[in-house]
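I opened this notebook to record what I looked up in the model, beginning with the sheets and ending with the contact between the chains.

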There are 2 protein chains.
Amino acid sequence: MTQAGRFITVEGLEGAGKTTCLRAIEQLLEAAGIERPLFTREPGGTPFGEALRSTLLDPRHRGLSAEAEALTVFAARAEHLAQVIHPALAAGCWVISDRFTDATYAYQGGGRGLGDDRIAVLEEWVQGDFAPDRTLLLDVDPAVGRSRVASRGDGEDRFEQEQDPFFRAARAAYARRAAADPERFRCIDANRTEEEVARQAREALADLVSGGAPDG
Amino acid sequence: MTQAGRFITVEGLEGAGKTTCLRAIEQLLEAAGIERPLFTREPGGTPFGEALRSTLLDPRHRGLSAEAEALTVFAARAEHLAQVIHPALAAGCWVISDRFTDATYAYQGGGRGLGDDRIAVLEEWVQGDFAPDRTLLLDVDPAVGRSRVASRGDGEDRFEQEQDPFFRAARAAYARRAAADPERFRCIDANRTEEEVARQAREALADLVSGGAPDG
């Protein structure tokens, strides 16, 4: 019994409903008989990456330079690829990551204003031409996302403390990424209900799942 | 009273005698009437950079990928440049850093085998053509350096736990850097006594110091 691993990423602003989407994907893969899917996240996914994540999210580092932020995110990603993502795909597992490089284009390229070209240099340095097989972009109005985050009632991290212009720029950068690569991206209207987001997520992966179940 | 800031870096393997060298530089600058010199270090030099340093040195992250290590070092460096080095130089201060980018060529480029070309991409991304005005390279036999570190009696960090081939490769990379840029580098024989290292350090900066004292 063999299966081909697929690399799926889920992208979106804070409060876009990524958790709902990831749960829908988990159920879909289970129903399709796809074994041992690996759910992971960025920044993070390894002990080293999670340590960098804690430093990145720490509100005490307010005012961190955009360059330092982007390099740290890619440092965590390099370790994630080396220790987790590439080995899992090589073993035939599906890997589903809560955010990946598109988030760096959105947050550091767009939100922080570094621009696509500078992010692309680091992407090439770390990944070569490696990219997800499918990316689900949960597009949400930043105001809707923020109200969902606020209703959770836990403290805000350094990104959640950002203001509307930051999130509007990040959303626009995400949208540009999706428009430039319609083959890889599936856009999900994340202003809608959880049930509707879950339905769109299943639909966005239906073709891959039907082709990715065990052969025998 | 004005003075032109200079950027001085001190490089070398563990146990090369950087502390002795930095103390000699401090005394030299004081004797020359150079005010408010800023002594700093890499990786580190900012709260964010020091947090990354702790993660990098943590022996629990044994096996960290060379790419993640290099990116993390440059992330700390980007913040160090933005928050500390560039502002201090702009204010006319001398900045003396215990390690800088040559260490990345030595440790990650040489020791970890990433090679000069890949480090050069990140150097350009972070620094453009910014470089130290003078670099003092403390060249030490790795065995001599290690015996000095061992005599300190504190625990070994993740780099100090490396073996001889790593340090020999790092030393060779340092030597190549110095040979390629004799204008910037001054090599100090760090196998000798502390007094002799201090004397060589003073000599290596004499021309800059005589030109860098207050004008009036």
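Entry 1, the sheet of chain B. I looked up the strand order first and found an open sheet of 5 strands in chain B, ordered 2-3-1-4-5 with parallel pairing; strands here are DSSP runs (E, at least two residues), helices are DSSP runs too (H or I, at least four residues), and both are numbered from the N terminus. Two strands are taken to pair if DSSP finds at least two bridges between them. At the edges I noted strand 2 (38-41) and strand 5 (185-189) of chain B, each of which pairs on one side only. Neighbouring strands of this sheet are turned by 20 degrees against each other on average, direction ignored, where the axes are lines fitted to C-alpha atoms (for helices over the stretch in contact) and angles run from 0 to 180 degrees between N-to-C directions. I then followed strand 4 (residues 134-139) of chain B, which runs parallel to strand 5 of chain B and is joined to it by 5 bridges. Opposite B:Leu137 I found B:Cys187, which lies in strand 5 of chain B.

Entry 2, the basis of the values. This is a predicted model, in which local features need pLDDT of at least 70 and side-chain atom pairs count only at pLDDT 80 or more, while totals for chains, interfaces and linings use all residues. Residues are numbered from 1 along each chain as its sequence is written, chains are lettered from A and ligands numbered from 1 in the order in which they are written, and side-chain values use heavy atoms, with hydrogens and water left out.

Entry 3, the sheet of chain A. In chain A I found an open sheet of 5 strands with parallel pairing and the order 2-3-1-4-5, and its edge strands are strand 2 and strand 5 (185-189) of chain A. I looked up strand 1 (residues 7-12) of chain A and saw 4 bridges joining it to strand 3 (residues 95-98) of chain A, the two running parallel. Within strand 3 of chain A, A:Ser97 is the residue that A:Thr9 stands opposite.

Entry 4, the backbone. Most residues other than glycine have a negative phi, and most peptide bonds are trans. I therefore noted the exceptions, beginning with the cis peptide bond from A:Glu42 to A:Pro43, with omega near -15 degrees. A:Pro43 sits in the loop between strand 2 (38-41) and helix 2 of chain A. In chain B, a cis peptide bond joins B:Glu42 and B:Pro43, with omega about -15 degrees, and B:Pro43 is placed in the loop between strand 2 and helix 2 (47-57) of chain B. A:Arg36 has a positive phi, near 50 degrees, and belongs to the loop between helix 1 (18-31) and strand 2 of chain A.

Entry 5, the interface. I found 27 residues of chain A in contact (heavy atoms within 4.5 Å) with 27 residues of chain B. The two chains bury about 2200 Å² between them, 74% of it on carbon and sulfur atoms, buried area being the accessible area (1.4 Å probe) that two parts lose on being put together, summed over both. In chain A, the residues that lose the most area to chain B are A:Phe48, A:Leu71 and A:Trp125, together 36% of what that side buries. Helix 2 (47-57), helix 3 (66-90) and helix 5 (116-127) of chain A are the elements that give two or more residues to the side touching chain B, and helix 3 of chain A gives the most, with 11 residues.
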